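Reader: Hi! Could you walk me through this one? I'm new to reading structures.

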Amino acid sequence: MKKTLFTGLILALLLSGCSTSTPLPEPSPLPTMPVPPLPISTAEPAQTILPELVLEITSESDPLKTPYGIVLDSSGKIYVNDAGNSRVLVFDDDGSLLAKWDQRGNGAGEFNSLGFGGVAIDGNDNVFVVDNGNHRIQKFDTAGTFLAQWGTEGREDSQFVRAIGIAVDGGGNVYVTDDGNPFVQKFDNNGKFLMKWGGAGTGDGQFRHTTGIAVDAQGNVFVSDYENKRVQKFDSQGRFITAWSLGADIGVIGTPEGIAIDDQGQVYVTDYALGRIQVFDNNGKWLESWGTDSLSNSFFHRPVTMAFDTHGHFCVVNQSIGHVQMFNLP
């Protein structure tokens, strides 16, 4: 049964920034070249699934503004990077607000968001937040106590331009994507730089506007290559494995944004432009699609990031309407 805790609606502009820092000059544009063809599933299209909504989080008095990242801790608490408001909100598993980490600025534990940015959690329930207006990653415990930070502005190792996605592997290593500096950077749990891979382009292992990132139980890393309209899979050392596109079931190439991986290794990808979620096996074979019964009737509203809980639920952040929704897994 649908359970709506709050009502209200806010239309939010994509990537509405709150940064007051002086931006770096834009990188030189890439030469125009065709995107190489990618393998797509040959499976027969199945009926699109409309999952059952069980919880919706928004607020009339203090609305979310371009929310982006979402994770759940081991107790089921929900952490949302309410990026348009430069804060992290913490909810319990029935959607009640528990805490706000909402100090603005550039000091320890303060935020200055560009209006988007991920959040991740490790096996010890440490929470990692992309604070991209301050060109850094911040680490907290679940009570919001500041633990560590790393990053400066720039394009060298341990530097960021517009960091977006963040993920943590089983060993506690942290991976960060950056759409202004087209590499995946890998750090240890306290921010020590370990390695990076990528670079601007359309070839295997190269990126144009990286967004979502996720790591499976075997340490494989999955990256949304937004402008190249593909998902790329790498091993833990950044070696390219495979790539695939979205939209095989409807014949329209989708735009990947967020990525989540379940305990079976299935890969869930949000299609930001078409308002749908697609499910693949670990090597990119299309399995099913959620949330759009036609191209003109989006069930989701600019879906960005996703997260699972331990009770068969699946959370989705709808960026354009400022809602966080929880569904029963189909």
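Author: Happy to; we can talk about the pocket and then the salt bridges. This is a predicted model, where local features need pLDDT of at least 70, side-chain atom pairs count only at pLDDT 80 or more, and totals for chains, interfaces and linings use all residues. Residues are numbered from 1 along each chain as its sequence is written, and side-chain values use heavy atoms, with hydrogens and water left out.

Reader: Cool. Which residues lie nearest the centre of the largest pocket?

Author: Those are Ile121, Val215, Ile261, Ala307 and Phe308, out of 50 lining residues. A pocket here is an open set of points on a 1 Å grid over the protein atoms alone, where a 1.4 Å probe fits, with protein on both sides within 12 Å along at least five of seven lines; lining residues have an atom within 4 Å of a point.

Reader: Switching topic: how many salt bridges does the structure hold?

Author: There are 11. A salt bridge is a side-chain nitrogen of Lys or Arg within 4 Å of a carboxyl oxygen of Asp or Glu. One of them pairs Asp179 with Arg162, at 2.9 Å from N to O.

Reader: Is Asp179 buried or exposed?

Author: Asp179 is buried, at 16% relative accessibility, while Arg162 is partly exposed at 21%. Buried means under 20% relative accessible area, exposed over 50%, and partly exposed in between (1.4 Å probe, protein chains only).

Reader: And what about Arg230 and Asp225?

Author: Their closest N and O atoms are 2.6 Å apart, in another salt bridge. Both Arg230 and Asp225 are buried.
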